[in-house]
Amino acid sequence: MVTGALGQIGTELTEELRKKHGTHQVLATDVRDLPDHPCVTGGPFRYLSVIDADDFDRVITEEDIGTVYHLAAILSATGEKNPELCERINVGGTITVLEAARKHNLRVFAPSSIAVFGPDAPKHAPQICPLNPTTMYGRTKVTGERLAMNYWKQYGVDVRGIRYPGLISYKAPAGGGTTDYAVEIFHSALETGHYDCFVSSDTRLPMMYMSDAIRATISLMETPLDRIGDARGGYNVSGVSFTASELADAVASRVSGFTCDFNPDIRQKYADSWPDSIDDQSSREDWGWSPEYDLDALCDAMINGIRD
Ligand code: NAD
Ligand code: AKB
């Protein structure tokens with residue numbers, strides 16, 4: 001089962017899991033009504049809210065679920081506008097999934113984020129350091145990592161997670177995060193030739209192309225249990241790190257006449273509280289992680305993908 005399957009990651013993860021395991025082996029679930037979405041037209045789909053624990057339990061039993069990829073969440077920018085909702089869905093939803101996992105012996109993938117780091121973390125963020133995020137979203141992700149560790153230690157639930165960087169893709173829109181500018185810029189460049197970027201030109205963040213993120217997710221879940229270490233609740237994985245102006249220059253070199261203005265809004269504050277890049281030594285050692293997409297490869301893939 002994939003929760004939040006109609007979102008930015010779920011759209012591509014569901015497709016990849018269906019290719020790998022067979023269409024009818026992968027149940028997509030979400031609370032949105034999008035009848036034409038490829039995850040709805042392309043295989044089994046059920047409406048399911050992760051904060052309805054009874055319904056969640058019923059669907060797990062009825063559908064004979066063995067593994068949950070738990071992607072349903074509220075991202076940083078939307079979460080700061082509605083922190084109570086963010087906490088209820090992100091923490092409450094994760095508890096629903098982990099409780100079901102405890103009762104029904106499920107394996108779980110529950111992603112974390114670079115948003116777990118706060119302004120006091122080193123700008124090249126290590127796997128282990130104090131986690132003092134300043135956003136509600138970041139705090140819910142720290143709680144998610146701790147819950148994952150508790151359910152593993154107390155009940156032996158095999159739950160694993162990745163601290164995804166900002167993810168860049170074109171198959172589904174980005175879902176209300178701070179790193180959305182790195183997706184929107186490509187669509188605006190090709191549609192209007194201009195982008196008004198909501199962070200400053202020198203903002204540098206860890207980012208990753210979606211194919212790398214899907215590969216990392218599946219690879220982590222396929223790693224034998226005895227190779228998974230103490231970072232299981234949220235492995236750092238690095239992809240690529242660039243400033244907003246480096247991204248704009250890379251787009252301009254591929255889309256003639258493209259211009260970009262930088263007008264920071266409230267999301268600048270969230271971006272400033274996050275690291276520039278992350279150290280992913282533990283992922284490399286424990287499960288052989290290595291990214292494939294650099295800035296050039298990512299820009300080519302985005303532009304070709306949107307044009308197609
Ligand atoms: P998204 O916003 O694109 O998708 C989330 C999905 O969850 C949406 O389709 C939404 O309808 C669904 N949802 C919301 N409330 C729900 C509920 N109560 N029950 C069931 N579904 C519900 O998010 P995404 O980018 O696909 O992110 C997936 C996960 O990855 C999240 O945990 C997010 O924190 C994490 N993550 C994402 C990124 C990124 O850049 N995309 C980076 C770091 C971490
Ligand atoms: C966001 O910006 O909220 C997400 C994330 C980095 O977790 N993309």
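This report describes two sheets, a helix that packs on both, and the surroundings of two ligands in a predicted model.

Local features are reported at pLDDT of at least 70 and side-chain atom pairs at pLDDT 80 or more, while totals for chains, interfaces and linings use all residues. Residues are numbered from 1 along each chain, chains are lettered from A and ligands numbered from 1 in the order in which they are written, and side-chain values use heavy atoms, without hydrogens and water.

## The two sheets

Strands of a sheet pair through backbone hydrogen bonds, either parallel or antiparallel. Helices (H or I, at least four residues) and strands (E, at least two) are DSSP runs numbered from the N terminus, and two strands pair if DSSP finds at least two bridges between them.

One open sheet consists of three strands in the order 10-12-14, with mixed pairing. Its edges are strand 10 (166-168) and strand 14 (240-243); each has a single partner strand, so one side of each is left without a neighbour in the sheet. On average, neighbouring strands here are turned by 45° against each other, direction ignored; axes are lines fitted to C-alpha atoms, for helices over the stretch in contact, and angles run from 0 to 180 degrees between N-to-C directions. Three bridges link strand 10 with strand 12 (residues 204-209) in the parallel sense, and Ile-168 stands opposite Tyr-209 of strand 12.

The other open sheet also has three strands, in the order 6-9-13, and its pairing is parallel. Strand 6 and strand 13 (235-236) occupy the edges with a single partner strand each, so one side of each is left without a neighbour in the sheet. Strand 9 (residues 162-164) runs parallel to strand 13, and two bridges join them. In this pair, Ile-162 is opposite Tyr-235 of strand 13. Helix 8 packs on this sheet, touching strand 9 and strand 13, and its direction makes about 175° with that of strand 9. Contact here means heavy atoms within 4.5 Å.

Helix 8 (residues 210-222) also lies across strand 10 and strand 12, at about 70° to strand 12.

## The two ligands

A residue is near a ligand if one of its heavy atoms lies within 4 Å of it. Around ligand 1 there are 27 residues, the closest being Gln-8, Asp-30, Arg-32, Tyr-137 and Lys-141. Ligand 2 is surrounded by residues that include Leu-75, Ser-76, Tyr-137, Thr-178 and Trp-274.

The table gives polar contacts, which are pairs of N or O atoms within 3.5 Å; within protein, one must be able to donate a hydrogen and the other to accept it, and residues adjacent in sequence count only if both atoms are side-chain atoms.

| Ligand atom | Protein partner | Distance |
|---|---|---|
| Oxygen of ligand 1 | Asp-30, side chain | 2.6 Å |
| Oxygen of ligand 1 | Tyr-137, side chain | 2.5 Å |
| Oxygen of ligand 1 | Leu-167, backbone | 2.9 Å |
| Oxygen of ligand 2 | Ser-76, side chain | 2.5 Å |
| Oxygen of ligand 2 | Tyr-137, side chain | 2.7 Å |
| Oxygen of ligand 2 | Thr-178, backbone | 2.7 Å |

The protein covers 93% of the 260 Å² of accessible area that ligand 2 has on its own, and 93% of the 830 Å² that ligand 1 has on its own. These areas come from the Shrake-Rupley method with a 1.4 Å probe; for residues, only the protein chains shown count as cover.

Helix 1 (8-21), strand 6 (112-113), helix 6 (136-155) and strand 10 each give two or more residues to the shell around ligand 1.
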